[in-house]
Amino acid sequence: MCGIFAVINPRGKPVDLQACRRATDMQKHRGPDACGEWISPARDVFLGHRRLSIIDLSDDSRQPMKGDSGKILVYNGEIYNFAAVRRDLEASGCRFKSSGDTEVLLRAVETWGTDGLPKLEGMFAFVLWDTSGEEALIVRDFFGIKPLYVLRLKNRGLAVSSEIKSFYALPDFQPRLDTELLPEHLRFRCISREKTLLKDVLEVPPGHALRYRRAAGDLLSYSYWDPSSVLGDREAGPGTNDEAQRFRELFTGTVRSHLIADVPVGMQFSGGVDSSLVSSIAAKDLNMRLTGFHCRVLDPLLDESPFADEIARILGMDVQTVELAEPMLFSDLLEKLTWHLDEPIMHPNSMGIYLVSKLAYGRVKVLLSGEAADEFFAGYARYPLLLLQDLLRRRPLLRTAVGGVGRLAGPVGGRFNTVMNVVRRSAEVDADSQIVTGLSFMDVALIGDLLGGSDVEASSAGRRWSHLGSENNFDLVTRCRLFDIKTYLPPLFQRQDKMSMAASIENRVPFATPGVFTAALGLPTELCAGLFHRKEFLKRYLERYIPRKWVRRQKGGFGIPLSRWFKGPQGRERLGSLVSAGSPLSSIMDSKKVAALVSGFDGTMAAADNLWTLLSLKVWMDVFCNRSRCLEIGDEADMASRAPSLAGHGGGNA
């Protein structure tokens, strides 16, 4: 896990070496162990690298790395099956100088080109500069686990970076907000496809390669792998015991490969199905008891640390716990983590990932997490609701009868009322629209009030329809999972990566491999989601290790009592900043409408979600629409990285 930065200028136009080095060092948190650079003889190409040493800690695996063909590689990520790929390359005549995965990736691309990428199991983002052909190959992994951005320079050159903030070190870079994307951001808290909130800054899409030809100055993009590609060979999956056993063997091998490291490895441990399953396989099948790191939310209704402690006790794990409370969520850590994320903080619980990583720092260097299991195995509530909506759409009498039921108040009312809203919408919204817009946060009418303009529906969701695909011969749950994998999962990977790397911790995701994904889509859909269950296959799998009562308990997710915390003194102060003099929101939306939202806050979760969307955007604008402020926080972050890690306390059988 590392950070990369590159500038490729037109031939004969030297790079600003001081700026390039500063840009690379702004990612010191991604790679505190070493720094490397390669500069072309004409000084018009710069490749920078910050290293977090995980596999082959020797200098033999330092980057940038030069191949026999003259190609230069800077790379961020891990290739988990590098030993097997290396054997294949050696059989074809390749010889190696190191024992790590970096050289394997370099030789693989030298030998096979991008045709070799599907042979890899891993997470990766890299730039390969061809000194003879004067071309750059820029590649991001299958699901977008590792971040990668490109910036077209005014001189027709190109800059590439693991993080957006590094572009701010370039003297000619002036951040400009792309206001046309605000409706989509407000509605979904993220931007689909290759766009970002900053004009001229593009995100390399997952499963894509870019080829930059310096002489022509053009940048060509193409897909080398797409999640929908596995559907053509889809067969009935693990419906029998033998097939389920084959899946278990596959996933056990995947977890084993993700444990390969020359440094200590731990677990980002929530006590839920996904992290418990990975921990169970490590402990029971591979005889490796990982230390778990858990974030406890200081709220009696959302504190899941007792469950995490109990499952850890069953597995014989040690668990370390850190606490997240209201004052921390609204502290200046919000600005610092926004700086690390490069984007508005999509979910307030993102801070918990950072706290867990900070707790782990100094104890382990790698954490495994359960990200992607909900998308692959249908773990979200939206999948059963989609099936319910479809059932009611086809049976109008049932819809009328159920729709007549009134709303419930109190703690149990939230989930029930959500179902009732689906019932009421079932006659108005078709299945495709529900897939595309089902993960909305802010209502389109409110977005229209805030931003003005017309046809907010089209401006907010229009770009997302291209991700729906044309797999109409597959069931709704499969189509919805594919859509979520293409639109919702990449931002989750972004926060997982950047919140962990903010504490110089590598975060690995065993569920997110093409092999596991293909097997998941091969499952009979009813083993994933039905009207009354979700993620059923993984729950049955986990019951091999954990008593049923713990597997089947109601899991609330990593919840934050946002509506209540907004009512506290720190929360009220943060809400006041939305309407204070100088708030950047006044330049892009109706200030009176914002003030009405703040003053009319009624404590509901929907209102809290709206205000968090505005607050996270406001904080991001404070940081990223002000170049000097972004650079200043970078200097502060560099100083903070030298501070001792957060103290934690033991849980379970610690």
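**An antiparallel sheet and a pair of crossing helices**

In this predicted model, Lys 66 has Ile 72 of strand S5 as its bridge partner. The two strands involved, S4 and S5 (residues 71–79), are antiparallel and share two bridges. Helix H3 (residues 101–112) packs on the sheet here, with contacts to S4, S5, strand S6 (122–130) and strand S7 (135–140). The direction of H3 makes about 125° with that of S5.

It helps to step back to the whole sheet. Six strands make it up, in the order S4-S5-S6-S7-S11-S12, and the sheet is open with antiparallel pairing. Strands S4 (65–66) and S12 (218–223) each have a single partner strand, so one side of each has no neighbour in the sheet.

Further along the order, S7 runs antiparallel to strand S11 (residues 208–213), and five bridges join them. Within S11, Arg 211 stands opposite Leu 137. S11 in turn pairs with S12 over six bridges, again in the antiparallel sense, and Arg 213 finds its bridge partner in Asp 218 of S12. Four residues lie between the strands of this hairpin, where Gly 217 adopts a positive phi near 75°.

Now for a helix pair. The axes of H9 (residues 333–341) and H10 (residues 350–360) come within 11 Å and cross at roughly 90°. Angles of 65 to 115 degrees count as roughly perpendicular, and H9 is therefore described that way relative to H10. Leu 333, Leu 334 and Leu 337 of H9 meet Met 351, Tyr 354 and Leu 355 of H10. By class, this contact comprises six nonpolar residues, with no polar and no charged ones.

Terms used
Residues are numbered from 1 along each chain as its sequence is written. This is a predicted model: local features need pLDDT of at least 70, side-chain atom pairs count only at pLDDT 80 or more; totals for chains, interfaces and linings use all residues. Side-chain values use heavy atoms; hydrogens and water are left out. Two strands pair if DSSP finds at least two bridges between them. Contact means heavy atoms within 4.5 Å. Axes are lines fitted to C-alpha atoms, for helices over the stretch in contact, and angles run from 0 to 180 degrees between N-to-C directions. Angles under 35 degrees count as roughly parallel, over 145 as roughly antiparallel, 65 to 115 as roughly perpendicular and the rest as oblique. Ala, Val, Leu, Ile, Met, Phe, Trp, Tyr, Cys and Pro count as nonpolar, Asp, Glu, Lys and Arg as charged, and the others, Gly among them, as polar.
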